Amino acid sequence: MSHLSQKIAEFVLGELSPTDAADAQQHLAGCSDCRIEVEAFRRTHLYLKTSIDAEPPRRIIFEAEKRSIMWRWLVPIGAAAAVVLAAWIAAPVHVRWTDSQITIAFGQVPEVPPAPVVMPQALAQPVDYDRIISALRQEQLEWLRNELNRRDVGLRREIRRLDGSLAYLDNMQRVIYRDTIDNASSIQLLARNQPQE
Amino acid sequence: LKLGRINPVNDRKVIERVLKGDTEAFNLLVRQWEKPLFNFIFRMIGDRDEAMDLCQESFMKAYRELGTLKDRDRFSAWLYRIAHNTCYSRLRRDAGKTFVELQPETGEVRMPIVNRLAVETALGHLPEDQREVVILKVFHSLKFDEIAAIQDAPVSTVKSRLYMGFDKLRSILG
């Protein structure tokens with residue numbers, strides 16, 4: 001059998017078939033290069049596994065969208081409107097309002113003298129630029145406010161992270177300082193106990 | 001996938017419930033996969049808060065696109081693929097920046113913290129593709145073909161990435 005090379009991971013992690021694993025064992029018995037490689041892989045793998053999983057800082061929960069009260073009323077009202085509309089379409093009913101008098105006709109459409117056609121006059125509407133500018137400005141201000149808030153949150157998070165790092169380094173420095181003092185004391189003690197030449 | 005689970009739920013059955021309109025059933029999938037997914041992203045990105053945001057984003061995408069999942073028995077692999085895409089788009093955006101979590105944690109003995117920091121720092125020195133393979137293999141016990149599907153790369157490439165990553169980690173961690 002050739003060197004394990006690309007099979008080292010599967011061998012160490014127990015993913016080889018029994019036959020392949022037996023072959024690999026046999027090869028390892030006579031190949032010191034592969035033994036060194038396998039040992040190195042195993043050591044690194046073990047070291048990595050000492051890094052335990054972290055707990056998520058918060059939980060994710062999905063909630064079903066709640067129907068509003070308005071929707072609760074809209075559904076029956078909509079259904080009733082649909083029934084009326086269906087009846088209207090199925091049996092032709094004609095309603096006319098002329099000279100303060102209402103005429104309701106079923107079936108045949110009553111003859112109506114054509115009303116004189118009055119063309120609507122186009123009225124020149126002035127463009128309200130002030131309102132448009134004000135709306136745009138409001139929109140920009142809103143965007144700017146949100147953007148500043150977002151960045152502020154990011155900065156605060158970064159500060160918290162750096163504070164954490166500083167505290168950690170500070171602690172490490174104290175530990176190293178204490179170890180140095182301990183070591184110095186030990187060296188002095190050893191020197192003192194050393195038999196004089 | 002051999003991921004540590006407590007009272008595992010049947011992903012397929014839950015997915016069917018969600019697709020029938022039971023939105024809150026999706027929480028069962030979240031509860032099952034939240035921690036592994038968070039840790040995968042955390043080790044990829046190196047920042048706890050950012051990782052939580054990306055984890056949430058990945059679940060949102062999964063929820064929105066659940067109907068497009070063809071093989072419902074492979075939900076976790078699909079979810080990791082979504083998390084992979086989410087991480088990579090964030091890493092592309094933040095190219096050039098490096099995140100190394102150094103926040104001390106109280107209530108734990110010193111050794112695990114130092115080890116964790118050393119491992120996280122060492123992982124941060126690997127290129128993203130190698131780091132991802134190492135994380136998915138070592139911490140999530142995924143098979144090479146599953147990682148290949150997530151990275152959209154041949155199995156041989158995935159293996160090479162693992163060995164190259166391990167070589168670098170060995171030189172850093174000693």
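Helices, here and below, are DSSP runs of H or I with at least four residues, strands are E runs of at least two, and both are numbered from the N terminus. Keep that in mind as you select helix 5 of chain A, residues 129-193, where Glu147(A) and Arg151(A) sit four residues apart, about one turn of the helix.

Some ground rules for the tour: this is a predicted model, so local features need pLDDT of at least 70 and side-chain atom pairs count only at pLDDT 80 or more, while totals for chains, interfaces and linings use all residues. Residues are numbered from 1 along each chain as its sequence is written, chains are lettered from A and ligands numbered from 1 in the order in which they are written, and side-chain values use heavy atoms, without hydrogens and water.

**Stop 1: the pair in helix 5 of chain A**

Show the side chains of Glu147(A) and Arg151(A). They form a salt bridge (a side-chain nitrogen of Lys or Arg within 4 Å of a carboxyl oxygen of Asp or Glu), with the closest N and O atoms 3.2 Å apart. Glu147(A) is buried at 16% relative accessibility, whereas Arg151(A) is exposed at 51%. For these classes, buried means under 20% relative accessible area, exposed over 50% and partly exposed in between, using a 1.4 Å probe and protein chains only.

**Stop 2: chain B by itself**

Now select chain B. It has eight helices and zero strands. Of its 174 residues, 52% are buried.

Pick Arg90(B) and Glu57(B), a salt bridge with its closest N and O atoms 3.7 Å apart. This pair links distant parts of the chain, with Arg90(B) in helix 4 (residues 75-93), Glu57(B) in helix 3, and their positions 33 residues apart. Arg90(B) is buried at 16%, and Glu57(B) is partly exposed at 30%.

Next, select Glu128(B) and Arg92(B), whose salt bridge has its closest N and O atoms 2.4 Å apart. Glu128(B) belongs to helix 6 and Arg92(B) to helix 4, so the pair ties together parts 36 residues apart in sequence.

**Stop 3: the interface**

Bring chain A back. The contact (heavy atoms within 4.5 Å) takes 48 residues from chain B and 40 residues from chain A. The two chains bury about 4,400 Å² between them, 58% of it on carbon and sulfur atoms; buried area is the accessible area (1.4 Å probe) that two parts lose on being put together, summed over both. Highlight Tyr163(B), Phe166(B) and Arg170(B), which lose the most area to chain A on the chain B side, together 13% of what that side buries.

Nine salt bridges cross this interface. One of them joins the side chains of Glu15(A) and Lys137(B), at 2.8 Å from N to O. For a wider view, select Arg58(A), Arg157(A), Glu50(B), Asp53(B), Glu57(B), Lys61(B) and Arg90(B), which are linked in a network of salt bridges; Glu57(B) and Arg90(B) are the pair from Stop 2.

**Stop 4: Glu55(A)**

Finish in the loop between helix 3 (32-49) and helix 4 (69-90) of chain A, where you will find Glu55(A). Glu55(A) is partly exposed, at 42% relative accessible area. Beyond its neighbours within four places in sequence, Glu55(A) is in contact with Lys35(B), Phe38(B) and Arg48(B).

Turn on polar contacts (N or O pairs within 3.5 Å; within protein, one atom must be able to donate a hydrogen and the other to accept it, and residues adjacent in sequence count only if both atoms are side-chain atoms). The side chain of Glu55(A) makes one with the side chain of Lys35(B) at 2.7 Å, and another with that of Arg59(A) at 3.2 Å.
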